[in-house]
Amino acid sequence: MSLRGVLRAMPTMLRVGFAESVAYRAEMFVWVLSTTMPLVNMVLWMAVAKHSPVGPYGQAEFVSYFLATFAVRQLTSAWAAWIINWEVKQGTLAMRLLRPISPLWAYMFDNIAGFPLRLVVAVPVMVLSVVLVGADKALPQHAWQWGLFLVAVLGGWAITFLANVAMGALSLFTDSSQKTMEVWMVLFFVCSGYMYPVELLPDGLRAVINWLPFRYQMGLPVELMTGAHDLPTALGLLARQWAWVLGMGTLALGIWKYGVRRFAAFGG
Amino acid sequence: MVRRYLRLFGVQLKASTLQALQYRVDFFTEGFTSLCWTFTALAPLFVVYGGRPEVEGWSFGQALLVVGWFTLLQGILEGAINPSLTGVVEHIRKGTLDFVLLKPADAQFLVSTQRFLPWRAFNVLTGVGLFVYAFSLLGHGPSPLGLLTSLVLLGTSTLLLYSLWILTVSAAFFVVRVDNLTYLFSSIFDFARWPSSVFKGVARGALTLVFTYVIPLALMTTFPAEAMLGRLPLTSLVGAVVGSLVFSWVARRVWIRSIGHYTSASS
């Protein structure tokens with residue numbers, strides 16, 4: 001389908017997606033509550049930093065870091081892999097494939113349509129962070145920092161979403177890619193800066209992590225929100241992030257294209 | 001009566017085991033994912049203790065014991081408690097719980113024993129492995145008395161975990177869409193990864209109080225670890241036993257009230 005067609009379908013798909021996310025708001029609220037891991041880690045690291053700061057992080061810095069993590073997780077999360085797995089298993093993917101628009105657009109708009117509701121969660125957390133540690137530690141200070149932060153959030157979401165598509169599409173080859181996703185999640189938790197700031201890791205490990213996609217899903221937006229980098233470093237890291245967006249996009253589309261050819265609806 | 005239930009338990013267990021034996025590859029995948037998740041539990045520990053010898057009175061080896069208990073209980077939760085009780089949620093949604101309620105045995109017993117995932121026992125092995133490693137770091141073994149106490153606490157912890165799950169599942173009778181409650185539950189359980197005294201310094205100790213008395217996470221992992229180290233006060237042991245019994249009684253009452261609330265979706 002042409003890009004014009006997609007653009008024409010976009011408002012409707014977004015509206016449907018938004019209506020769905022409002023309809024299941026209680027479910028979404030439970031999801032939000034189940035992402036409390038940053039809070040566990042916040043409390044832990046506050047205890048660790050009680051007497052002396054860890055690297056550049058004192059108690060206040062940890063509060064702003066982990067509250068930012070909580071907010072960024074709300075903004076950049078995607079669950080397309082689970083949906084694709086489910087639809088392949090149930091055979092309902094066939095119905096989507098019959099429509100004149102690629103299912104990938106549908107998954108994407110579904111995800112984006114939930115954004116307003118997720119802002120409803122993320123913004124109060126950011127406000128709380130400002131109240132607790134002051135605006136100078138919790139938020140970007142200058143307009144350009146805000147700009148970079150928004151680009152980083154967008155990039156983080158794009159990598160997460162595309163990785164989801166890639167792993168979801170794997171289920172077209174292997175029946176179920178749940179275990180692959182689980183391994184990805186483990187790597188994400190350990191490497192992304194979700195459980196501790198990446199800066200606290202030893203240099204060798206950090207160099208490796210800088211080449212992996214995980215930090216750019218979570219750590220980078222968080223660091224930019226709390227103003228941890230100057231302009232040149234930030235731009236360098238953003239360039240790597242968007243290189244990953246491109247790479248992951250190519251990979252996802254490739255797996256998807258070959259996978260769909262193999263798809264023979266069972267069940268639906 | 002007891003003999004009948006024991007036999008029933010045997011039958012249910014056998015059915016699950018046979019089912020599990022069909023998928024032997026699962027043994028390795030379960031093992032691998034269990035090791036992966038243990039690694040996520042350990043990663044922050046390594047980072048934390050990379051710079052300092054102890055946090056709130058817990059050294060690396062001692063904190064490792066808590067992670068060991070966490071891993072072990074996670075195995076019990078995911079292998080024996082989660083699968084069957086997730087089935088209840090499915091029953092409620094589809095309106096097929098009637099079939100269970102009509103059977104001439106206690107409904108809570110039937111739903112709690114309907115499915116086990118024996119391969120998840122790998123987590124229990126990982127937990128035991130962590131104990132061995134932790135004690136080799138500490139340079140001494142657990143005292144026999146401490147080991148005995150921790151076994152008693154293993155019982156109370158399992159009972160607590162199970163009762164908490166019964167309470168969560170009971171919520172399904174009222175809100176129906178609770179597939180997520182599983183995730184919510186395991187994310188709250190995440191707090192149990194750390195010695196409860198770590199939370200002492202935050203919000204004037206309110207969190208420690210919550211995790212000891214409201215959601216008794218401290219009882220599940222921190223108490224057994226302290227027992228192994230031989231420093232759990234006797235009052236805490238008595239408190240854990242009495243507390244878990246009271247908690248399970250409450251869960252039982254709530255469960256009975258909840259089934260009273262059940263109206264089959266199909267009729």
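User: Before we look at any pair, what counts as a salt bridge here?

Analyst: A salt bridge is a side-chain nitrogen of Lys or Arg within 4 Å of a carboxyl oxygen of Asp or Glu. The general idea is that side chains of opposite charge can pair when their charged atoms come close. In this predicted model, A:R96 and A:E87 make such a pair through their side chains, with an N to O distance of 2.9 Å.

User: Good, that is a clear start. Where does A:E87 lie, and is A:E87 buried or exposed?

Analyst: A:E87 belongs to helix α5 of chain A, residues 80-90. Buried means under 20% relative accessible area, so A:E87, at 9%, counts as buried.

User: Which residues does A:E87 touch, leaving aside those up to four places away in sequence?

Analyst: With those set aside, A:E87 touches A:T92, A:L93, A:R96 and A:Y107. The salt-bridge partner, A:R96, is one of that list.

User: How many salt bridges does the structure hold over all chains?

Analyst: There are six over all chains. Another one in chain A joins A:E223 to A:R215, where the closest N and O atoms are 2.7 Å apart. Both A:E223 and A:R215 are buried.

User: Let's try one in chain B. How far apart are the closest N and O atoms of B:R120 and B:E78, and which parts does the pair tie together?

Analyst: The closest N and O atoms of B:R120 and B:E78 are 3.5 Å apart, and the two form a salt bridge. B:R120 sits in the loop between α5 (107-112) and α6 (122-138) of chain B, while B:E78 is in helix α3 (residues 60-94), so the pair ties together parts 42 residues apart in sequence. As for accessibility, B:R120 is partly exposed, with a relative accessible area of 22%, and B:E78 is partly exposed at 26%.

User: Now the chain as a whole. What pattern does chain B follow along the sequence?

Analyst: Chain B has eleven helices and two strands, and their order along the sequence is α-α-β-β-α-α-α-α-α-α-α-α-α. For overall size, a useful comparison is the radius of gyration: a compact globule of 267 residues would have one near 18 Å, and the 19 Å of chain B agrees with this. Its C-alpha atoms fill a box of roughly 60 × 45 × 35 Å along the principal axes. Of the 267 residues in chain B, 52% are buried. Among contacts between residues at least 6 apart in sequence, 83% join residues at least 24 apart.

User: What should I read from the surface of chain B?

Analyst: Look at the total and at the atoms behind it. The accessible surface of chain B comes to about 12900 Å², with 69% belonging to carbon and sulfur atoms. One nonpolar patch is formed by B:L234, B:V238, B:V242, B:V246, B:W249, B:V250 and B:V254, which together have about 640 Å² of accessible area. B:L234 lies in helix α11, residues 234-261 of chain B, and counts as exposed at 64% relative accessibility.

User: Last topic, the interface. How many residues of chain A are in contact with chain B, and how much area is buried between them?

Analyst: Here 29 residues of chain A are in contact with 30 residues of chain B. The area buried between the two chains is about 2800 Å², and carbon and sulfur atoms give 75% of that. On the chain A side, A:V40, A:V43 and A:L44 lose the most area to chain B, together 19% of what that side buries. Salt bridges between chain A and chain B number zero.

Key: Residues numbered from 1 in each chain as written. Chains lettered and ligands numbered in written order. Predicted model: local features only at pLDDT ≥ 70, side-chain atom pairs only at ≥ 80, totals over all residues. Heavy atoms only, no water. Patch = residues over 30% accessible without salt bridge, like charges linked within 9 Å, V, L, I, M, F, W, Y side chains within 5 Å. Areas by Shrake-Rupley, 256 points an atom, 1.4 Å probe, with all protein chains shown as cover. Helix = DSSP H or I, 4+ residues; strand = E, 2+ residues; numbered from the N terminus. Buried < 20%, exposed > 50% of the residue type's maximum accessible area, 1.4 Å probe, protein only. Rg over C-alpha atoms; globule rule 2.2 N^0.38 Å. Contact = heavy atoms within 4.5 Å. Buried area = accessible area lost by both parts, 1.4 Å probe.
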